[in-house]
Amino acid sequence: MHHLGRYFIFLGSLFRNREKMGVYSKLVLDECIQIGINSVFIVSIVSTFIGAVTCVQTAYNLVSPLVPLTIIAVIVRDSTILELAPTITCVVLSGKVGSNIAGGLGTMRITEQIDALEVMGINSSSYLVLPKVLASMITFPMLVILAGFLSIYGGYIAGTAADIITPEDYISGLRSDFKPFSITFALIKSVVFAFLISTISSFKGYYTAGGALEVGQASTAAVTNSCIAVLAADFLLAQLLL
Amino acid sequence: MIEIKNIQKTFGERTILSGISGKFLPGDTSLIIGGSGTGKSVLLKCMIGLIKPEEGQVLYDGRDFLTGDEDTQKAIRREMGVLFQGGALFDSKTVLENVRFPLDMLTNMPTSEKMERAQFCLQRVGLENAADRMPSEISGGMKKRVGIARAIVMNPKYLFCDEPNSGLDPLTSIKIDELIREITDEFKITTVVITHDMNSMMEIGEKIMFLYQGKKMWEGSSSTITQSKVAELNEFIYANKLLRDTKA
């Protein structure tokens, strides 16, 4: 409870004594590159393979001649949009982005860079953390859209290359019984996960005390706690919105 | 002038500072000395507002820093320059950007003026040629000099230096000490230096405060420190074999 209370106080501190908006615009842009653009490669690889594997494994489980092959594409589409693209992408990002944020802030803390900001009268949490949170909330949905597209495309490549499904059946399956709210749901999830990952990792990094060992521990704790928070929020959002 | 009155700080059960008082005058380089773990850095952090003491006052030209309103605190902070132990330079910025940073954040100066001021400060610490280098590409001594340049870029009235000589060779240490003294004289700054370096003590210690186990045990100047009758201070000073031999 103590940590939870401290986390909420920390969140409150992000919005007090903020700097001029002009200061944040450049910082947010820098963070978008750091968090978003630099994650495109890993997100692309992971989502393409996940889509391919989902297609192959779904086909493996569908042995009944009564089930049309187009159902493979339906399953790939729905599992990708509802779960794999937002959740798996964000779990991957909690490892890549979360550890990066916690490590960076932790190092700034132990090398007195955060103290230097405070002494200048700058709200260090707002200056350092708010751009990361905003950049995450901007770039994560984009990464999730990319992941969704690549995952479905990965399924198409795997399915057609392995002669599991014809391109026509796959496209037809993708189009059948599509619910547009799935996309909205995936984007809502990505924004919530972005907020959780960026704030939890920042919280862990910002309050690092000690030396290099503690920075490593903060990074590990950031990833672990972010993953748990993402999975818990995933369940809650599914219950609330579906 | 900076005045501290009855500063008390505890961490849990442990008393770190008990009833520290003192005055630091403009144009003076005042030293706070003592062994490791005696509360020097905690006292400095209390003075610059990074740690809140349980009791006591820190007055900057009569303005109470600890209990003053937000505007007063902000105004005092803008008159402060701090050199941290490791320099505390921002890793992602170049040397010039580091020096310019307070101007960018806290002033509305035109860019050309900011550049001019930052370059002047870098020149003042002899690092005009390192402006485009990253902190990871410069030595420990250079980092301290960049730290000093950043500390003075806002034209501070109060300069705080936390162990400016730590991790430096004796020659570089002397250069840093000279730089601090010159800047203090030149800009009539109230300078407070935390150190346990004997060379610094003798070179720049116009006023010295000795802390021992969180208490102020002695106050004086570099010319009177060797005549002190305080056993703890003598033990601290003459821990160095060279000084012991000289005394003998």
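**Reading a two-chain predicted model**

In chain A, the span of residues 180–201 is 95% helix and 0% strand, and its end C-alpha atoms lie 32 Å apart.

Reader: What does the UniProt record add for chain A, and at which residues?

Author: One caution applies throughout: this is a predicted model. An unreviewed UniProt entry places the feature "transmembrane region" at residues 35–60, 133–159, 180–201 and 221–241 of chain A. Such annotations may be inferred rather than shown by experiment. The coordinates can be set beside the record: residues 133–159 of chain A are 100% helix and 0% strand, with end C-alpha atoms 38 Å apart.

Reader: How should one read the packing of two helices, and at what angle do H4 and H6 of chain A cross?

Author: The angle runs from 0 to 180 degrees between N-to-C directions. In chain A, the axes of helix H4 (residues 70–110) and helix H6 (residues 124–161) cross at roughly 145° and come within 8 Å. The crossing of H4(A) and H6(A) is right-handed. The residues of this contact comprise 17 nonpolar, seven polar and two charged.

Reader: Is A:Tyr24 buried, partly exposed or exposed, and why?

Author: A count of C-beta neighbours decides the matter: 20 or more within 10 Å means buried, and 12 or fewer means exposed. A:Tyr24 has 17 such neighbours inside 10 Å and therefore counts as partly exposed. A:Tyr24 belongs to helix H2 (residues 21–36) of chain A.

Reader: Which residues does A:Tyr24 contact beyond its neighbours within four places in sequence?

Author: The contacts of A:Tyr24 outside that range are A:Glu19, A:Leu130 and A:Pro131. A:Leu130 is 106 residues away from A:Tyr24 along the chain, yet their C-alpha atoms are separated by 8.2 Å.

Reader: How is the compactness of chain B to be judged?

Author: One compares the radius of gyration with the value from the globule rule. Chain B contains nine helices and 10 strands. Its radius of gyration is 18 Å, close to the 18 Å that the rule gives for 248 residues, so chain B is as compact as a globular protein of that length. The C-alpha trace of chain B spans about 55 × 45 × 35 Å along its principal axes. Of the 248 residues in chain B, 44% are buried. Among contacts in chain B between residues at least 6 apart in sequence, 65% join residues at least 24 apart.

Reader: How many residues does each chain give to the contact between chains A and B?

Author: Chain A gives 11 residues and chain B gives 15. On the side of chain A that touches chain B, four residues are nonpolar, three polar and four charged.

Methods: Residues are numbered from 1 along each chain as its sequence is written. Chains are lettered from A and ligands numbered from 1 in the order in which they are written. This is a predicted model: local features need pLDDT of at least 70, side-chain atom pairs count only at pLDDT 80 or more; totals for chains, interfaces and linings use all residues. Helices (H or I, at least four residues) and strands (E, at least two) are DSSP runs, numbered from the N terminus. The radius of gyration is taken over C-alpha atoms; the globule rule is 2.2 Å times the number of residues to the power 0.38. Two residues are in contact if their C-beta atoms, placed from the backbone, lie within 7 Å. A crossing is left-handed if the near helix is turned anticlockwise from the far one by less than a right angle, and right-handed if clockwise. Ala, Val, Leu, Ile, Met, Phe, Trp, Tyr, Cys and Pro count as nonpolar, Asp, Glu, Lys and Arg as charged, and the others, Gly among them, as polar.
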